[in-house]
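Q: Could you take a close look at a single part of this structure for me? I'd like one connected walk-through rather than a list.

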Amino acid sequence: MTTQQLLILIAVLIVLVLAVAGILVAVRKRRSQGDSTRPGRVQESDDGRSSLSPESAAAAAKGRAEGQPGASPAASSADQSVQSASPASGASPNPDASTGSAGSVGSRASSQSSAVGQVASSAQEELAHPETSASRMTRLKARLAKSPNPFGKALFAILTKDHLSESDWEDVEDTLLMADVGADASEQLVKQLRDDARITGQKDPAAVRRGLRQRLIDLVDPDMDRTLAAARPQANRPSVIIMVGVNGTGKTTTAGKLARLFVADGKSVVMGAADTFRAAAADQLETWGGKVGVPVVRSDRDGADPASVAFEAAERVKNDQADVLIVDTAGRLQNKANLMDQLGKIRRVIEKNLPVDEVLLVLDATTGQNGMIQAQVFAQAIGVTGIVLTKLDGSAKGGIVISVQRELGVPVKLVGLGEGPDDLAVFDPESFVDGILGDE
């Protein structure tokens, strides 16, 4: 093939390509013109904004005028784009646009209000059904078993050795002392365990665990009556409980949790905010009262006479014919003489209206032997009928249960394990020992 023939062939191919391209452009243009005449077709203007074709706009307007629900989606989309025009532009091409926008906002507000209402209703439902006392200790026992270094596990680890030397028995006693079991109780338990080992000669871990468990239960003393006075069949109605303890032990929080516990058992409760010297105490108690639907009697000023608040609370519980009155008190131990005089006055004033059935001393389990000193002071001043141990899950000092009972001769009645509103339960010796021993 000559050069001339090759050039002619290339020219022919170029002409054919151009011809095909022209045909494709013509077909595409024809299809575009045909689509623009279809109803509901959205056209795009030169400035990039979408709009309806004239025929579609007319059809959409007619549908709106006649109130037809079947207006095309494209028309609906166009209406929405018009209504959502920026307020800064001040454009309002359709009188209905502002109305539609207001309706949209109203609808959103209604939806949000409905959502808030559902959340509030859910919260009220949750608070109206607190966990019953029957199910609490099982859950709290598992939490206690997970607490750091419970002394029962340390004892078990020592006692399951093949051969116990004298130093091992010293370790047992040291473990008990560090857990605040107390010197006398520790010495007694070590003697009992040594006798058991000498007599039975058991090496089986399960048998050792059973023996240790029983000895610890005996020390905790399962024969003590731990029933709250308000829960007894012959309880006074209303039954009066005074909460005492040093500030910082969780006394006010415990009062709120105790009210929730009574509500869970179907009792009506009134609370009195007689801690008038700590600014946030009455507010805190009122918050708890709001959570459980319990009225709170408080003074309208800080520093008011706490005895007067207690008196008004006693009047209120009588008028309401409620089952239980819980009175929160101050705990400023640094002013020991004044505090004890104040507590005595509160009790005397209440007893002008109602007998006081229970004085619960709230102790922080993490304070150890310091808590014992506090317990002795309050027991001498006002008389204590039961102990509430808080923060027991964050401490290896569970032995304070044993030592405080032996020292005061009154039972631990309630135990708090955690910050949740239902993390307060009636104390059960066997569940407590199982918790500190952990799983088998």
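The part I mean is strand β7: is it mostly covered or exposed, and which strands does β7 pair with?

A: Happy to. Keep in mind that this is a predicted model. Let's start with β7 itself, which spans residues 356-364 and is mostly covered, with 8 of its 9 residues buried. For a sense of scale, buried residues make up 40% of the 440 residues in the protein chain.

Now for the partners. Val362 of β7 is bridged to Val388 in β8. That strand, β8, covers residues 386-390 and runs parallel to β7, with 5 bridges joining the two. β7 also pairs with β3, residues 239-244, again in the parallel sense and over 5 bridges. There, Ile241 has Glu358 of β7 as its bridge partner.

Zooming out, the protein chain holds 16 helices and 10 strands, β7 being one of the strands. Of the contacts in the chain with a separation of 6 or more, 74% are between residues 24 or more positions apart. As for the outside, the chain exposes about 23300 Å², and carbon and sulfur atoms supply 52% of that.

While we're here, a word on the aromatics. Searching the whole structure turns up 1 aromatic pair. Its members are Phe427 and Phe432, with ring centres 5.3 Å apart and planes at 50°, so the pair counts as tilted. Both Phe427 and Phe432 are buried. Elsewhere, Lys291 places its charged end over the ring of Trp288, 4.6 Å from the ring centre.

Conventions
Residues are numbered from 1 along each chain as its sequence is written. This is a predicted model: local features need pLDDT of at least 70, side-chain atom pairs count only at pLDDT 80 or more; totals for chains, interfaces and linings use all residues. Side-chain values use heavy atoms; hydrogens and water are left out. Buried means under 20% relative accessible area, exposed over 50%, partly exposed in between (1.4 Å probe, protein chains only). Helices (H or I, at least four residues) and strands (E, at least two) are DSSP runs, numbered from the N terminus. Two strands pair if DSSP finds at least two bridges between them. Contact means heavy atoms within 4.5 Å. Accessible areas come from the Shrake-Rupley method with a 1.4 Å probe; for residues, only the protein chains shown count as cover. Rings of Phe, Tyr and Trp (its six-membered ring) pair if their centres lie within 6.5 Å; planes under 30 degrees apart count as stacked, over 60 as edge-to-face and the rest as tilted. A charge sits over a ring if NZ of Lys or CZ of Arg is within 6 Å of the ring centre and within 35 degrees of the ring normal.
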